[in-house]
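Please open the model in your viewer and keep the sequence panel beside it, since each stop on this tour begins with a selection.

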Amino acid sequence: MAFAHTLHAEWIKLRSLRSTWYTLAGLFVVGLGITAISMSSAGTTYETSTPAEQAVWDPTGLSLKSFILAQLIIGVVGLLIITSEYATGSIQSSLAATPRRHRLLAAKAVLATVIGLVAGQVLMFVSFFLGQALLAAQDVPNAALGDPGVFSAVAGGGLYLSAIALLAVGLGVLMRATAGALATLVGIVFLVPAIAGLFPALEGLFAFWPTRGAAAILATVPDPAYPDPWLNLGGMCVGVLVVVAAGFVVLRRRDV
């Protein structure tokens, strides 16, 4: 079976699941809801800010806050691509149809990355335009897509979410269980950064945590802690590829 056929088969399986469409619908409902809620009081926040705070006002970054929960939801989509088959036992049928295990996992990884990229980019662009419209309605500074750094921040958000989707596939094949893989994903994107914030003494230890620096790509105001966010995003992608590579090795060597 050619790789294109394997990829098409995986797409048919994924699109036939209602949970896929429910999860993607939830991605946009939750993501745009966060944007609307966070922008609702932006006018008051700006007016009560100090001159120093107004100088670093970042309307683009504010409108892209939807990524915080979006990364978890898009991660669930990536997990379901692999762990749902382990849960139902259909992974055995998939491997029987595609004996070359690396080809099966590659198809799932490509599918997750493409879905994460498309859904992530659409969410980021819609969140940006919605957020700027709400800021303009409150007569506070807002941004246009052609402003310096804006397009790269919005597009970078979509790339970040696609990397999270691919990471979820790697975790899913390593753990073979949705609950365990999801708990690990939550720890990577939420728990570790939170611990670093709660314990300043450990800040240096977590300074290079991939998801912390990579998320800086969604802002147009430079973060002194992460002056090169694109390098941080690249480092995160390298880490994701390491996890996926480990998944390839484990899938080839262990029994189903």
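The tour below goes through aromatic ring pairs and then a pocket.

Bear in mind throughout that this is a predicted model. Its aromatic pairs come to 5, and two of them are visited here.

Begin by selecting W11 and W21, whose ring centres are 6.4 Å apart and whose planes stand at 75°, so the pair is edge-to-face, as planes over 60 degrees apart are counted. W11 belongs to helix α1 (residues 3–15) and W21 to helix α2 (residues 18–40), and the pair, 10 residues apart, links distant parts of the chain. If you switch on a surface, W11 counts as partly exposed at 29% relative accessibility, and W21 is likewise partly exposed, at 45%.

Next, select F125 and F151, where the ring centres lie 6.0 Å apart and the planes meet at 55°, so this pair is classed as tilted. Here F125 sits in helix α8 (residues 101–137) and F151 in helix α9 (residues 150–175), 26 residues apart, and again the pair links distant parts of the chain. F125 is partly exposed, with a relative accessible area of 21%, and F151 is partly exposed with 47%.

Finally, turn to the largest pocket, which has a volume of about 610 Å³. To find it, select K65, F67, A215, A216 and A219, which lie nearest its centre among the 26 residues of the lining. Then colour α5 (59–63), α6 (67–88), α10 (178–198) and α11 (210–214), the elements that each give two or more residues to this lining. Colouring by class will show 16 nonpolar, 5 polar and 5 charged residues around the largest pocket.

How values were computed: Residues are numbered from 1 along each chain as its sequence is written. This is a predicted model: local features need pLDDT of at least 70, side-chain atom pairs count only at pLDDT 80 or more; totals for chains, interfaces and linings use all residues. Side-chain values use heavy atoms; hydrogens and water are left out. Rings of Phe, Tyr and Trp (its six-membered ring) pair if their centres lie within 6.5 Å; planes under 30 degrees apart count as stacked, over 60 as edge-to-face and the rest as tilted. Helices (H or I, at least four residues) and strands (E, at least two) are DSSP runs, numbered from the N terminus. Buried means under 20% relative accessible area, exposed over 50%, partly exposed in between (1.4 Å probe, protein chains only). On a 1 Å grid over the protein atoms alone, a cavity is a set of points where a 1.4 Å probe fits but cannot get out, and a pocket is an open set with protein on both sides within 12 Å along at least five of seven lines; lining residues have an atom within 4 Å of a point. Grid points are joined across faces, edges and corners, and a volume is the space filled by probe spheres set on the points. Ala, Val, Leu, Ile, Met, Phe, Trp, Tyr, Cys and Pro count as nonpolar, Asp, Glu, Lys and Arg as charged, and the others, Gly among them, as polar.
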